[in-house]
Amino acid sequence: MGKGWKGAKDFVGLEEVTKVEFLVMMFAEALGTFLLVLIGCASCITWSVNDPPTVMHIAFTFGLAVASLAHVLGPVSGCHVNPAVTIGLLVSGNCSFLKAICYIVCQCCGAIAGSAVLKALIPESPIHGLGATALAPRITYGQGVFIEAIVTFLLLLVVHAVTDPKRTDTKGWAPLAIGLTITVAHMAAVPVTGSSMNPARTLGPAVILGQWYNLWVYWVGPILGAAVAGGLYKMAFRRKKEDDEASYDF
């Protein structure tokens, strides 16, 4: 009875979110997502129709941006900066329910703010855009969801592996490993779906541009992939001991 009650309290996380330090954690998530969307989406802008950004350019910008942010914000909030990451960690038991809700709200607000600032900083032009994600021609909704699920599934497997407290072989490599995973996924999926892997990253430009077409694909796909990865890692890949608690903190 006592153990079940403690488990329920840990899942809800009321005590955690009522601490003053949690305000700093929420600010870190909002700031991190703000910077990720601002810098990452800036790399997607087409300044000249004859010289559009390359897939490698975009991939390395997003990957290195996350790796850089992880070094700064990892010890503060875990540097999720992605609702899919937060949900994946919720499924695996490494994030409480209330913490996940608060994080996702902050991430979405940060992403919208990042897109708004980016729009304010660049001149008006029909070719610039704001790095909004879109399905490639002839890609169906189902294919888009599946591709986004796959790349996010890979990301969450890596996130869980490199932050597993029992994996001493990966200690200190989390920011680089996660950044490279995002880079690889972008190289594969940018031409197909834009490789969002992050519902907030897609939400930001969509809100500022007022373009909601296909937005649901970039929520359903990443969340589905993240949830499956979180459940799989918890059940199959993580060694279980009663006194062990995994953490996303770097």
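Me: Helices are DSSP runs of H or I, at least four residues, numbered from the N terminus. Which helices each supply at least two residues of the lining of the second largest pocket?

Reply: Bear in mind that this is a predicted model, where local features need pLDDT of at least 70, side-chain atom pairs count only at pLDDT 80 or more, and totals for chains, interfaces and linings use all residues. Residues are numbered from 1 along each chain as its sequence is written, and side-chain values use heavy atoms, without hydrogens or water. The two helices that pass that mark are α4 and α8.

Me: And which one gives the largest share of that lining?

Reply: The second largest pocket (an open set of 1 Å grid points, over the protein atoms alone, where a 1.4 Å probe fits, with protein on both sides within 12 Å along at least five of seven lines) has lining residues with an atom within 4 Å of a point. There are 18 of them. Four come from the top contributor, helix α8.

Me: Which lining residues lie nearest the centre of the second largest pocket?

Reply: By class, the lining has twelve nonpolar, five polar and one charged residues. Those nearest the centre are I58, A132, A134, V190 and G194.

Me: Where is P191 found, and how far apart in space are P191 and A136?

Reply: P191 sits in helix α8, which spans residues 174-193. Leaving out residues up to four places away in sequence, P191 touches V55, A136 and H186, with contact meaning heavy atoms within 4.5 Å. P191 and A136 are 55 residues apart in sequence, yet C-alpha to C-alpha the gap is 6.8 Å.

Notes: Nonpolar A, V, L, I, M, F, W, Y, C, P; charged D, E, K, R; others polar.
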